[in-house]
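Got your viewer open and a selection box ready? Let's walk through this structure one stop at a time.

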Amino acid sequence: MGLLLKIFIPLLGLALAFYFYSAPENFSEEMLRGKRVIVTGASSGIGEQMAYHLARMEAHLLLTARTEAKLQKVVEQCLKLGAASARYVSGSMEDTAFPEVVVKEAENTWGGLDMVILNHIGYTYFNYFNGDVGHVRKLLEINFLSYVAMSMSALPMLKESEGSIVVVSSMAGKTGTPFTAPYSATKFALDGFFSSLRHEFIIDKVNVSITLCILGYINTENAVRTVSHAIQGTPAPKEECALEIIKSGVLRRRELYYPSWAEGSLLLLLQGIAPDFLDSLIRANYKVENIRR
């Protein structure tokens with residue numbers, strides 16, 4: 001049985017990988033030229049890098065984040081890099097009206113929209129869950145409900161342009177991981193909602209693509225500061241991650257696994273046939289002794 005598993009698991013992992021990535025690799029930067037794109041969480045990390053890639057591709061950009069001073073600097077750099085246009089709207093996704101404000105700004109400025117990249121997250125801790133239900137509720141508002149609100153506000157324009165919704169999620173939204181219970185809950189919610197919505201689009205013949213981006217450990221300043229003491233392994237580069245997200249959205253892929261699609265496919269396989277074994281592998285990747293309650 002052990003030998004069969006050793007043979008069967010890699011083969012099925014490759015089959016799943018082929019299923020997820022059988023779309024032709026025909027991306028070119030010209031696909032973004034003149035496209036109207038909203039990027040949330042764009043003042044730092046992956047969002048900032050996506051803004052710079054899109055600027056080089058000569059897209060029109062509307063960037064959002066909480067910190068206005070950081071957004072101003074990103075917009076200035078985008079214009080230097082060749083963006084067709086670049087502007088920002090600062091505000092917090094804790095404000096339930098803010099997603100609609102951002103979309104309205106796009107409508108007033110461009111009269112339409114081609115792509116929404118939802119990338120923002122709220123602050124959370126990396127530790128044992130402390131029982132704070134209020135924190136979970138707040139994080140759901142920022143990490144999940146605002147994604148839903150912005151997508152629905154943007155949908156009429158995206159239907160008109162036959163555009164794309166790109167949702168930045170996490171491996172923690174595909175399988176449970178320790179010390180991330182509130183965060184993981186919000187990412188699972190994204191998967192459930194947008195996977196269900198994709199069905200409805202297909203049934204209703206709505207030609208708007210939904211790409212779910214399943215990310216691992218990326219070398220953003222926030223991620224490294226928060227988890228480097230407890231996670232073994234080297235984080236993947238945020239610049240490459242940002243480019244892969246854009247490419248997957250433009251190619252209208254169902255899902256992106258980064259940094260490793262093979263590991264992502266294998267994770268899904270193990271989750272179905274050997275969940276306890278998968279859990280043990282996940283726990284082995286953590287330096288539990290470095291987590292203090």
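Start by selecting glutamate 105. Its relative accessible area is 23%, so it counts as partly exposed. Keep in mind as you look around that this is a predicted model. Now add arginine 87 to the selection: arginine 87 is partly exposed as well, with a relative accessible area of 37%. The two form a salt bridge, and the closest N and O atoms are 2.9 Å apart. Arginine 87 sits in strand β3 while glutamate 105 sits in helix α4 (residues 98-110), so this pair ties together parts that are 18 residues apart in sequence.

**More salt bridges**

How many salt bridges does a search of the whole structure find? It turns up 11. Let's visit a few.

Select lysine 138 and glutamate 94. Their side chains meet in a salt bridge, at 3.7 Å from N to O. Lysine 138 belongs to helix α5 and glutamate 94 to the loop between β3 and α4, so here the pair ties together parts that are 44 residues apart in sequence. Lysine 138 has 43% relative accessibility, which makes it partly exposed, and glutamate 94, at 42%, is partly exposed too.

Next, pick lysine 174 and aspartate 191. This salt bridge is 2.8 Å from N to O. Lysine 174 is in the loop between β5 and α6 (181-203), aspartate 191 is in helix α6, and the two are 17 residues apart. Buried or exposed: what are lysine 174 and aspartate 191? Both are buried. Before moving on, highlight Glu30, Arg33 and Glu58, which are joined into one network by salt bridges that share partners.

**The sheet**

Switch to a cartoon view and find the strands. Seven of them make an open sheet with parallel pairing, in the order β3-β2-β1-β4-β5-β6-β7. Which strands stand at the edges? They are β3 (85-90) and β7 (255-258); each has a single partner strand, so one side of each is left without a neighbour in the sheet. On average, neighbouring strands here are turned by 15 degrees against each other, direction ignored.

Stay at the β7 edge for a moment. Strand β6 (residues 209-215) pairs with β7 in the parallel sense over four bridges. Click leucine 215 and look across to β7: its bridge partner there is tyrosine 258.

Now jump to the β3 edge and select alanine 86, which lies in this strand. At 15% relative accessibility, alanine 86 counts as buried, because the cut-off for buried is under 20%. Leaving aside neighbours within four places in sequence, alanine 86 is in contact with Leu61, Val75, Cys78 and Leu79. Want to try the distance tool? Draw a line from the C-alpha of alanine 86 to that of leucine 190: the separation is 28 Å, for two residues 104 places apart along the chain.

**Strand β5 and the core**

Colour β5 (164-170) next. Seven of its seven residues are buried, so the strand is largely enclosed by the rest of the structure. In a regular strand, side chains alternate between the two faces of the sheet. Show the side chains here to see it: Ser164, Val166, Val168 and Ser170 point one way from β5, and Ile165, Val167 and Ser169 point the other way. Four bridges join β5 to β4, and these strands run parallel. One pairing to look for is valine 116 with its bridge partner in β5, isoleucine 165.

Isoleucine 165 is worth a closer look. Not counting residues up to four places away in sequence, it touches several residues, including Val116, Leu158, Phe194 and Ile210. Together with Ile38, Leu113 and Phe194, isoleucine 165 touches the most other members of the largest nonpolar core, which has 48 residues. Which helix gives the most to this core? That's α5 (residues 133-161), with nine residues. Elsewhere, a second, separate core of 36 residues includes Met57, Met115, Val168 and Leu256. Helix α5 also lies across β1, β4 and β5, running at about 160 degrees to β4.

**Last stop: histidine 53**

Finally, select histidine 53 in helix α2 (residues 45-56). With 14% relative accessibility, histidine 53 counts as buried. Histidine 53 touches Glu239, Ala242, Leu243 and Ile246, not counting residues up to four places away in sequence. Zoom in on glutamate 239: its backbone oxygen lies 2.9 Å from a polar atom of the histidine 53 side chain.

Definitions and conventions: Residues are numbered from 1 along each chain as its sequence is written. This is a predicted model: local features need pLDDT of at least 70, side-chain atom pairs count only at pLDDT 80 or more; totals for chains, interfaces and linings use all residues. Side-chain values use heavy atoms; hydrogens and water are left out. A nonpolar core is a set of buried Ala, Val, Leu, Ile, Met, Phe, Trp, Tyr and Cys residues joined through side-chain atoms within 4.5 Å. Buried means under 20% relative accessible area, exposed over 50%, partly exposed in between (1.4 Å probe, protein chains only). Contact means heavy atoms within 4.5 Å. Two strands pair if DSSP finds at least two bridges between them. Axes are lines fitted to C-alpha atoms, for helices over the stretch in contact, and angles run from 0 to 180 degrees between N-to-C directions. A polar contact is a pair of N or O atoms within 3.5 Å; within protein, one must be able to donate a hydrogen and the other to accept it, and residues adjacent in sequence count only if both atoms are side-chain atoms. A salt bridge is a side-chain nitrogen of Lys or Arg within 4 Å of a carboxyl oxygen of Asp or Glu.
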